[in-house]
Structures are given as C-alpha cells and as structure tokens.
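Trainee: I have a structure to look at, and I'd like to understand the terms people use for it. Could we go through some of them together?

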Amino acid sequence: MAQYQFQTEVSRLLHLIIHSLYSNREIFLRELTSNASDALDKLKYLTVADDAYKGIVFEPRIDISFDKDKKTITVADNGVGMNERDLIESLGTIARSGTRQFLEKLAADVKKDSNLIGQFGVGFYSAFMVADKIEVVSRKAGEDAAWKWTSEGKESYDIETAVRETQGTTVTLFLTEEGEEFASRWSIEDIIKRYSNHVAFPIYLTYEQKEYDDKGAEKGSSIKTDQVNDGAAIWRKSKSELKHEDYVEFYKQIAHDTDEPLFYVHTKAEGTLEYSTLFYIPKKAPLDLFQVDYKPGVKLYVKRVFITDDDKELMPTWLRFVRGVVDSEDLPLNVSREILQKNKILSNIRNASVKKLLAEFKTIAETDKEKWDAFVSQYNRPLKEGVYQDWTNREAIIDLLRFKSTAVDGWTSFSDYVSRMKDGQKNIYYISGGSEETLRSSPLLEAWRAKDIEVLIMDEEIDEIILPSIPKYEKQDGETTLSWDIKGVNHTGTDSELDKTDKQSEKDLLPVLEKLKKVLGDRVKDVKLSKRLHDSPSCIVTDENDPSLQMAQMFKAMGQPAPDVKPVLEVNGEHPIVTRLKDCVDEERIADTAGVLLDQALLVEGVRLPNSADFVKRLNRLLSAV
Ligand code: ADP
C-alpha cells in the first residue's frame, strides 16, 4: 500500500467541504452518478471508435446499493474505469486553474456558494459532505489490474492493489452521522428521480424488501433491484413528451447547478442535416466566464454516443456561457479532434444553433423585459464581444445590447433611445471611459442635460473597443433604412448639435485661449471654447480619432505600448475663472490657472495626474492670492 498527499488545493477544498458546507448535501449522489455516466459515455465511445476495445461487451449500467447497518452507500458503474495513475491524477489533484478562483470565492461566502461545487470539477469531493471515509475500487477498460483508493478526506489517500471482475468503478461511502439519512431506499430514489432521471444509462437501486404473511407478520425478506431513472436521452425526445421539470432536472445534472436555468431552447432538425440540440442559459454567469481556460458548456454526441465535452468549437466564444448538448446523426463516430475543427457538418450545426439562440434571444428581448434584463445583467459583456467576433450576426446582436442611460432607469436599447430622440436630433450620444459614477457626474454631460438630450452611459472597458466599431445604428422602417451616427460626447466634433456660444464671446475670449495654449504647451492638443459646459469651468475631450485617455491609461497598466494621447482642453467662456483671465497679466497666475483648469478636468474624468504635487502647489498659490 502506498500513501500519497493530496495537492494543497484539494486539502483546502476538502477542509471547506467537511467543515463549512451544510446545505444541499444530497447533491453528492448527483455528482457520483454523473461521474459514472461520464465513464460509461467514454467507454461507449471507445468501443465504437477504437478497435482495441471492440472485444468489450458494452452493457452499461449504474448500480446503487446501501447498507443501513454498516452505514454505507455504494455507486458502481461498468464504465471506462481508472488505473493507478488515473486515480492519482483524478482523485488527488484539481486539474483546472479556475479552481483557485473558485476556492477564493467559496471561502468568502461558503454557505451560499455550496451549489458551485462541481463547476470546476470538484464534484467527486462533494461526497465528503456525507462520508468520513471513501473507498474507490476501479479497473480500467482493457487492463487486468484493479486498484483501491481510500481516503478519510484529510491530507492523504492510500492506493493498493485490488480485485474487480470487470472494468468500471465502485465508490463506497462510509457515512457520517449527518449522512446516515441517505442510506434508505426512498431517499435514494427521490434524489435520483430529482437530479438524475435523464442520465442516459439505466440506474438500478438494490434494496431489501420485507415480506409479510396474511396476518401482517414479517416472514422474511428478499433482495430486489429496480431501475429508478427514466434512462433516455432527453434531447432526443419530442417537446410534447417533456415537461418543464424534465428540462430543469437535466439542466441541473449537466450544468452542476442547483438553480433553474433562465431559459432553454430545444431543437430537432430534420432535413439535409439531422441533429438535436438542447441549450440552456444559466441564471448566473459561470464563474470562469472571463478566463482564457474556461470550460466549454456544450457536449457533443453523435447518434447518442458522447464524443467530447471539451470542444470550444461547438459554440462561438461569445456564447461560451451556453450549456447543453449537440447530437448529430450525420457525423462519423470516430471523429477526431482535428476533423471536428474543420468539419462542415459541425460548422453548419453551429451556425444554425447560433441563429436559433439569437432568434430566441430576440423573442425574449421583445416580449419579456424582466427576463431579458436578467440576461443582460449577466451576459451583456460576452454579447458585446459578439459584436466584433461575429460579423454575420452583428446587426442582430447590436439590437440585443442594453445600456444604462441618463434618461431612464435600468437597461435600454439603441432602438428605445431612437424612439425617445428629440425632433431633429441627428446622433445617438454616449459617454465612456470610467465608472458609472464618474461618467454620470462628468461635466461633459452638462450641455446635453441642459438641452434634455439623452446620453448612454458606457461604463465597461469593452465599450471602448466595440463602440468605435459601431459608427452607425440602422433600423428598418418599411422599405427605408433609417440610420443614426453613434457619437461619444467625450470626443471633439460631437458638439455640433449644441449652439451655446455666440460668435462675439468667442472673439472676446480668443486671447485667453491663446494664453492658455501657450502655457500648457504640449500637455494639450488644443484649447477650445466649450459649448458643452454650464457649471464647470473646464473639461477635456479627445480628438475624434484618438482613443480615450482612460483607454490609454489601461494599455499602460497592462504594460502594452500606449498611444500618446493628448487631450483637448475645453473651457467655459462664462465661468469667472476663465473670464477673469481676460484682463490678467500676471504670468504666474495665468500659468497656475491654466494648470488647475486642465488638472481638475482630468481628475473629474478619473485620470491619474502625472504630478499631483504640482497641482496642489498651484491650487494653494491661487487660493492664498484671493
Ligand atoms: P469532474 O467529473 O467534473 O471532472 P470529479 O472530481 O467529479 O470532477 O472527478 C474527477 C475525475 O475523476 C473525472 O474527470 C474522471 O476522470 C475521474 N472519475 C471520477 N469518477 C469516475 C468514475 N466513476 N469512473 C471513471 N472515472 C471517474
């Protein structure tokens, strides 16, 4: 017998599971049956795709039994099995890097997040919620040796040789006091029906049935074995055969979620291509949504044979939050990964699936605002990624985007914005580059507010990348296409609809602008009289073709070559700080005022000043001169 130490992350996770997770203990059974089902899927694939496994008689089944007296539950499958190395790699480590993040989240709010177990492949370990010792006996398909893995869920586990008649895995849980309640026929049946009814292999439960004579006295007992699940692939059934609960149960099983999905789309295509798809949108975005090594959520089956759950090609990356199944009738069973990537059939299924999902999104967006808002609060950002990733569906995706706005609470669309436009308004306006709070209080909005023109608040980093790629918003009105320019208020040239300054005051202030330009030198691209300011003395805008200052700062922070963006300073010709400069001849005072006008405008936009001590010095000099 050899003893091994768990990887540190596993020890931490086990500690959390054993000491902190109390809710939803019953999911351990869902996790174990789902592992068994995966193991059967893998073997099924090998027996059809690999000649070396052709000799194996594939009679898939999952067997559950329990012993009330010994306080054990056993889950066995005759699937692909594990050898010694597999056991060490699968049940001693956590393979995915997303798990660290998961652990951090879990540690912060342990009880609430117990349903997240499984999302990062920690499913098996959840059995330690109900057991203080677990034994796994496994024999890998095609090999003769069997192995026994034993652990009490602390720092280590043991592996020794064992005997098992056929390939597959038997997991025995030695239940804790809290786990004892699960060692009963009714409780196991109930959990399996609830969580694993649609596992595509039969799940049998073995139990002891007492027998009674005519007078009701116990006369003995017999051992019975019944199939407890439905055992058919749900996605292959027709919609009319299925109830909402069936869809929900299957979702919980494949997505490891205890919550219901937000919605789902079930399609059976018959025609040139024959396939079934069942897609789910989780209520909460998967935790690894923004990780490069995210786990794809769609499984590929061919004629009901599981092929892979690790193919990122099945869905475009912007739809990586979708969970579900694609089952094709037309692909060969022995498709290799390389073939999958270039496969025409698969790419047709994929394109049709994206269209189908988009059509469903559209219907919900148009008919169920509450649901769509819930979607947007989780997935607005990947949707925006779709705008620049998916050129064929771009227009459809743009219509699905929702934004915050100065005119309405909650989310709004370009189309809604247009319907609220002022007569004669030519552009759709937005402000970007900062947090929602910074943007809402930006002096740049003053003139738009005064004219009661709506401005969309774009407070996500990705906005700065996608908005320049959507210069126009177009809408079909019968035969004609209506079109509006989309313009950022923090850019030069967007003030054409504002008519505040008159020519005379512009002329009067020309010398002030010259003075400011001279002392600010190359810190600014230009100094202009502003049409957009009402209360504030100054603001900064960027040239229409330049990225915003915040964006440039972001590039720098990421260590990337940042474009050297110079702001255009706009001053308010009616503000006393500015008008006072008309008669000022004190060079130092002009220089201080110029510096403060620029720096305060930068500060309000959330830009870090290159020399804040200098700003404070100037401010103090000006204040003491009053
Ligand atoms: P996940 O199933 O999400 O990968 P688990 O912690 O539940 O995570 O399982 C880890 C790994 O252990 C699985 O990926 C699989 O390789 C292996 N495994 C678990 N149970 C079985 C089983 N019954 N048969 C074969 N392999 C198994």
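Mentor: Happily! In this predicted model, α8 gives the largest share of the lining of the second largest pocket, six residues. Local features need pLDDT of at least 70 and side-chain atom pairs 80 or more, while totals for chains, interfaces and linings use all residues. Residues are numbered from 1 along each chain, and side-chain values use heavy atoms, without hydrogens and water.

Trainee: What makes a residue part of the lining of a pocket?

Mentor: On a 1 Å grid over the protein atoms alone, a pocket is an open set of points where a 1.4 Å probe fits, with protein on both sides within 12 Å along at least five of seven lines; a lining residue has an atom within 4 Å of a point. Here 25 residues qualify, with Ala365, Glu366, Asp399, Arg402 and Ser415 nearest the centre.

Trainee: How do the lining residues divide into nonpolar, polar and charged?

Mentor: Into nine nonpolar, four polar and 12 charged. Asp, Glu, Lys and Arg count as charged.

Trainee: How do you know that the span of helix α5 agrees with its number of residues?

Mentor: The expected span is 1.5 Å times one less than the number of residues. For the 12 residues of α5 (185-196) that gives 16 Å, and the end C-alpha atoms are 15 Å apart, so the two agree.

Trainee: Which residues of α5 are called buried?

Mentor: Buried means under 20% relative accessible area, with a 1.4 Å probe and protein chains only. Among those in α5 are Ile188, Ile191 and Tyr195. The buried residues of α5 pack against elements including α2, β8 and α6 (contact: heavy atoms within 4.5 Å).

Notes. Helices (H or I, at least four residues) and strands (E, at least two) are DSSP runs, numbered from the N terminus. Buried means under 20% relative accessible area, exposed over 50%, partly exposed in between (1.4 Å probe, protein chains only).
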